[in-house]
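Trainee: Please take me through this model feature by feature. I would like to learn how each one is read.

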Amino acid sequence: VISISVMPCVAKKQEASREEFIDANGVREVDYVLTTREFAELMKLNGVDPTKTDPSIPLGDSHWGLTLGDFDDPFGQASGAGLIFGATGGVMEAALRTAYEVVTGRPVPFARLDIQPVRGMDGVKVASVPLRDVLPEWGFLEGVDVKVAVAHGLTNARKLCDEIQLAKEKNEPPPYHFVEVMCCPGGCLGGGGQPKP
């Protein structure tokens with residue numbers, strides 16, 4: 001089995017070769033990385049239009065009689081969290097949705113599950129999500145306000161790190177329970193490997 005990862009991030013190419021992603025037998029977690037731009041270029045060069053692909057067409061003799069219908073539908077299954085993951089605040093929002101529901105047994109109390117305070121293009125965003133009426137096994141979290149921060153772009157990440165470091169130097173508790181940092185402006189969707197308009 002060969003694992004190919006398609007990512008918006010050019011840094012994933014170097015990341016795939018790091019020792020911590022190679023097991024004791026020398027097997028890599030990811031064999032090859034293509035940026036989304038490279039993948040789109042390959043599809044274009046080979047005349048592949050994924051919106052017009054017939055799953056019943058055989059792939060050819062070299063593919064053991066398989067058709068596209070024998071594989072997962074790349075556009076068929078998704079979660080709302082997966083859709084927002086690459087945007088700044090998306091990882092935070094997905095984690096908060098999950099944590100809140102696990103701890104309270106209810107979805108987050110935001111319209112359409114949208115945790116607006118962590119969304120948007122502000123360089124640093126902070127929010128607080130109150131935990132009330134938690135499930136009995138999570139009773140120790142009753143009344144806690146989960147404090148979070150989101151930064152995108154390295155300048156903004158530095159500001160957030162400086163704030164956290166200052167609290168540490170003052171022997172104050174960390175100002176946040178959870179921090180998301182995405183290096184590219186706007187998050188991964190602004191990554192260097194994304195197609196250019």
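Mentor: Start with Asp-133, which is placed in the loop between strand E3 (124-130) and strand E4 (145-152). Helices (H or I, at least four residues) and strands (E, at least two) are DSSP runs, numbered from the N terminus. This is a predicted model, in which local features need pLDDT of at least 70 and side-chain atom pairs count only at pLDDT 80 or more, while totals for chains, interfaces and linings use all residues. Residues are numbered from 1 along each chain as its sequence is written, and side-chain values use heavy atoms, leaving out hydrogens and water.

Trainee: What is phi of Asp-133 near?

Mentor: Most residues other than glycine have a negative phi. Phi of Asp-133 is near 55°, a positive value in a residue other than glycine. Asp-133 is exposed, at 59% relative accessibility. The cut-offs are under 20% relative accessible area for buried, over 50% for exposed and in between for partly exposed (1.4 Å probe, protein chains only). Asn-171 also has a positive phi, near 55°. Asn-171 belongs to the loop between helix H5 (154-169) and strand E5 (178-182), and its relative accessible area of 74% makes Asn-171 exposed.

Trainee: What does pLDDT average over the protein?

Mentor: pLDDT is the predictor's confidence in each residue, from 0 to 100. The protein averages 84, and 83% of the residues score at least 70. Among the elements, helix H3 (residues 80-84) has the lowest mean, 71, and H5 the highest, 95.

Trainee: How many salt bridges does a search of the whole structure find?

Mentor: A salt bridge is a side-chain nitrogen of Lys or Arg within 4 Å of a carboxyl oxygen of Asp or Glu. The search finds seven. One of them joins Lys-12 and Glu-15, at 3.1 Å from N to O. These two residues are three apart in helix H1 (residues 11-15), so about one helical turn separates them. Another joins Glu-38 and Lys-13, with the closest N and O atoms 2.9 Å apart. This pair links distant parts of the chain, with Glu-38 in helix H2, Lys-13 in helix H1 and their positions 25 residues apart.

Trainee: Are Glu-93 and Arg-97 buried or exposed?

Mentor: Both are buried. Their salt bridge has its closest N and O atoms 3.0 Å apart, and both residues lie in helix H4 (residues 90-104), four residues apart. Salt bridges with shared partners join Glu-93, Arg-97 and Arg-119 into one network.

Trainee: How many disulfides are found, and why is there no bond between Cys-9 and Cys-184?

Mentor: A disulfide is a pair of cysteine sulfur atoms within 2.5 Å. The search of the whole structure finds zero. Cys-9 is in no disulfide, and its nearest cysteine sulfur is that of Cys-184. The two sulfurs have no bond because they are 5.9 Å apart, which is too far. Cys-9 is partly exposed, with a relative accessible area of 22%, and Cys-184 is partly exposed at 24%.

Trainee: Which residues form the aromatic pair?

Mentor: A pair of aromatic rings is described by the distance of the centres and the angle of the planes. Rings of Phe, Tyr and Trp (its six-membered ring) pair if their centres lie within 6.5 Å, and planes under 30 degrees apart count as stacked, over 60 as edge-to-face and the rest as tilted. The count here comes to one aromatic pair. Trp-138 and Phe-140 form this tilted pair, with 6.0 Å centre to centre and 40° between the planes. Trp-138 is partly exposed, at 27% relative accessible area, whereas Phe-140 is exposed, at 61%.
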